[in-house]
Amino acid sequence: MELTTIWFLLVAVLFTGYFILEGFDFGVGMLLPVLGRDDRERRVMINTIGPVWDGNEVWLITAGGAMFAAFPEWYATLFSGFYLPLLLILLALIARGVAFEYRHKRPEASWKRRWDNAIFFGSLIPAILWGVAFANILRGVPLDADHEFVGELVDLLHPYALLGGATTAALFATHGAVFIALKTVGDIRGRAATLAVRLGVVSAVLAVAFLTWTLTIRSSPTAVVLATGAALALLGGLAAARVRREGWAFTGTALAIGLAVATLFAALFPIVMPSTLDPAGTLTATNAASTPYTLRIMTWVAVFFTPIVLAYQGWTYWVFRKRIGVKHIPQH
């Protein structure tokens, strides 16, 4: 297997991991004003992701770094052409991170409400915009023969991209509701499980529509298999959520998101960014890649450090595996 293919797969794995892990804490943030009936319940929800949310974001940093080092042309075109959406995602993530740290600094309800709003919008905006971004990557954007983006922001907001944004937001909200049911006890657990099933129906409809549309734009036999697996995993997760088997439900929604992201990358390969203007402007895994020497060095670094990072993050989830509830939150 060529090194360019290996690094395309690694970038795909990193983004898949990011959407699975960050997906549920985006979902928790979006559901904060929906499931949290009072301050103690909202604190329970925040505490379910408190030990892991920043570690989940490391997957995005690593994916961006891998793309920059392995496919600099892809990185340059993506981050220049999608500058405004990616800037909005960055600002939303900053506001969300600050809110997690500052929400508990003062006891006033108005103070906490402002930070709760920051958590909500800081989760909702990236959840939508990531779907919009990846839909555009797969459909193609206006690139000239020099691989430079020559379109406008409005070119990124077509119906397929908006459906992609709605799909990721709905899937993440469902994933978050299942995670809350998995990690909590008491009334909030039951409400989260009920909401997960309701959101899951909406997510299933949107996901089927989006993946079907995706396969009409760009497809491969592997992509069809992965898309079918994503649909079955989501249905299985919803069935498990309905009978309150939260562990299996979370496995189902995680697999659904992972397989859906894998579908996009499988449909895209070997292209990394199609041009809708000039075929000569299309970026592929070959013409966007770094030199073979750079890829070889990076491969050895990845082989050494990736297991360490995975082991550390797995240990973190194991340490904080227990359920929490309102009884664990002292009253102020």
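**Exercise 1. Describe the second largest pocket: its volume, its lining and the helices involved.**

*Solution.* Start with the size: the second largest pocket has a volume of about 370 Å³. This is a predicted model, where local features need pLDDT of at least 70, side-chain atom pairs count only at pLDDT 80 or more, and totals for chains, interfaces and linings use all residues. Residues are numbered from 1 along each chain as its sequence is written, and side-chain values use heavy atoms, with hydrogens and water left out.

Next, the terms. On a 1 Å grid over the protein atoms alone, a pocket is an open set of points with protein on both sides within 12 Å along at least five of seven lines, while a cavity is a set of points where a 1.4 Å probe fits but cannot get out; lining residues have an atom within 4 Å of a point. Grid points are joined across faces, edges and corners, and a volume is the space filled by probe spheres set on the points.

Now the lining: 18 residues line this pocket, and Leu10, Leu14, Thr62, Ala302 and Thr306 lie nearest its centre. Two or more lining residues come from each of helix H1 (3-35), H3 and helix H11 (292-319). Helices here are DSSP runs (H or I, at least four residues), numbered from the N terminus. H11 gives the most, with eight residues.

Last, sort by class: there are 14 nonpolar, four polar and no charged residues. Ala, Val, Leu, Ile, Met, Phe, Trp, Tyr, Cys and Pro count as nonpolar, Asp, Glu, Lys and Arg as charged, and the others, Gly among them, as polar.

**Exercise 2. Find the residues closest to the centre of the largest pocket, then follow Trp130 further.**

*Solution.* The largest pocket has a volume of about 470 Å³. Of its 23 lining residues, Leu60, Phe79, Leu86, Leu90 and Trp130 are the closest to its centre. At least two lining residues each are supplied by helix H3 (53-70), helix H4 (72-81), helix H5 (83-102) and helix H6 (109-139). The lining divides into 20 nonpolar, two polar and one charged.

Now follow Trp130. Not counting residues up to four places away in sequence, Trp130 touches Tyr18, Phe19, Phe26, Leu60, Leu86 and Ile89; contact means heavy atoms within 4.5 Å.

**Exercise 3. Compare the linings of the two cavities.**

*Solution.* A search of the whole structure finds two cavities of 30 Å³ or more. The largest cavity has a volume of about 200 Å³. Its lining has 17 residues, with Thr168, Phe210, Ala260, Val261 and Leu264 nearest the centre. H6, helix H7 (159-183), H8 and helix H10 (246-268) give two or more residues each, and H7 gives the most, with five.

The second largest cavity has a volume of about 40 Å³, and is lined by Phe134, Ile137, Leu138, Leu264, Phe265 and Leu268. H6 and H10 are the elements that give two or more of these residues.

By class, the largest cavity has 13 nonpolar, four polar and no charged lining residues; the second largest has six nonpolar, no polar and no charged.

**Exercise 4. Locate Arg218 and list its contacts.**

*Solution.* Arg218 sits in the loop between helix H8 (187-217) and helix H9 (221-242). Beyond neighbours within four places in sequence, Arg218 is in contact with Leu138, Arg139, Ala267, Leu268, Ile271 and Pro274. Arg218 and Leu268 are 50 residues apart along the chain, yet their C-alpha atoms are separated by 6.8 Å.
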